[in-house]
Amino acid sequence: MQANKHYMWRINPEIAILKFIKGNVAISVSDKFGKTVYANDRFCRITGCNENELLGAVNCLFNQDNYKDPCCENLWETIERGQVWKGTLKNKTKTGDSFWLETTIVPLVDVEGNIESFVTMYLNVSKPNQDITKEELNNMHKQY
């Protein structure tokens, strides 16, 4: 079995990397209007939703309240220019529990430069069963 893993890595490293990412990173894909078109299992577990509940729903990042939030202003300016944005966002599960996600949003553009969709990758940086305070969040950023 070990020999097969190493063989796959040498022959097709892209597949091995994709398997690693899908298994360890929460991922969602939204169309240009913010509707979720894909959510992997890890994203479903973090949010407490199943894929059917997420597909077609507007991703919480695209909620109108976020457009007005000064904390998200840089996020929107960045991704609307077609650039990658990275930062930490607070979110809530389906049951209302809060959690923090280290987030990377990658806008995907067509040949003319128009945004077609957004791929978002998340790492849950919350402590289990506990909200992270703003001070703890600042300390986490200092560690990186």
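Tutor: In this predicted model, a residue is called buried when its relative accessible area is under 20%. By that standard, 35% of the 144 residues of the protein count as buried. The accessible surface of the protein comes to about 9,700 Å², and carbon and sulfur atoms hold 53% of that area.

Student: Why is threonine 88 called buried?

Tutor: The cut-off is under 20% relative accessible area. Threonine 88 has a relative accessibility of 15%, and therefore it counts as buried. This residue lies in strand β3, which covers residues 85–92.

Student: What makes the pair of threonine 88 and glutamate 102 a polar contact?

Tutor: The limit for a pair of N or O atoms is 3.5 Å. The side chains of threonine 88 and glutamate 102 are joined at 2.7 Å, and so the pair is within the limit.

Student: Which elements make up the secondary structure of the protein?

Tutor: There are 7 helices and 5 strands. Along the sequence they follow the pattern α-α-β-β-α-α-α-α-β-β-β-α. The strands form an open sheet of 5 strands in the order β2-β1-β5-β4-β3, with antiparallel pairing. From one strand to the next, the twist averages 30 degrees.

Student: What makes β2 and β3 the edge strands?

Tutor: Each of them, β2 (36–39) and β3, pairs on one side only.

Student: How do you know that β1 pairs with β5?

Tutor: Pairing requires at least two bridges between the strands. Strand β1 (residues 26–31) and strand β5 (residues 115–124) run antiparallel and are joined by 6 bridges, so the requirement is met. Within these strands, serine 28 has threonine 120 of β5 as its bridge partner, and aspartate 31 has serine 117 of β5.

Student: How do you know that β1 also pairs with β2?

Tutor: The same requirement of at least two bridges applies. β1 and β2 run antiparallel with 3 bridges between them, which means that they pair. Serine 30, for instance, has threonine 36 of β2 as its bridge partner. The two strands form a hairpin with 4 residues between them, and glycine 34 in the turn has a positive phi of about 95 degrees.

Student: Why is β1 described as largely enclosed by the rest of the structure?

Tutor: Of the 6 residues of β1, 5 are buried, and the strand is therefore largely enclosed.

Student: Which residues form the largest nonpolar core?

Tutor: This core has 10 residues: Ala26, Ala39, Phe43, Cys44, Ile46, Cys49, Leu54, Phe99, Leu101 and Tyr122. The elements that give two or more residues to this core are α3 (41–47) and β4 (98–109). α3 gives the most, with 3 residues. Apart from this core lies another one of 8 residues, including Leu75, Ile79, Leu89 and Ile105.

Student: Which residues does leucine 54 touch?

Tutor: When residues up to four places away in sequence are not counted, leucine 54 touches Thr36, Ala39, Phe43, Cys44, Thr47 and Cys49. The cut-off for such a contact is heavy atoms within 4.5 Å.

Student: How many of the contacts in the protein are between residues 24 or more positions apart?

Tutor: Among contacts with a separation of 6 or more, residues 24 or more positions apart account for 36%.

Terms used. Residues numbered from 1 in each chain as written. Predicted model: local features only at pLDDT ≥ 70, side-chain atom pairs only at ≥ 80, totals over all residues. Heavy atoms only, no water. Buried < 20%, exposed > 50% of the residue type's maximum accessible area, 1.4 Å probe, protein only. Polar contact = N/O pair within 3.5 Å; in protein donor to acceptor, adjacent residues only side chain to side chain. Axes fitted to C-alpha atoms, helices over the stretch in contact; angles between N-to-C directions. Areas by Shrake-Rupley, 256 points an atom, 1.4 Å probe, with all protein chains shown as cover. Core = buried A, V, L, I, M, F, W, Y, C linked by side-chain atoms within 4.5 Å.
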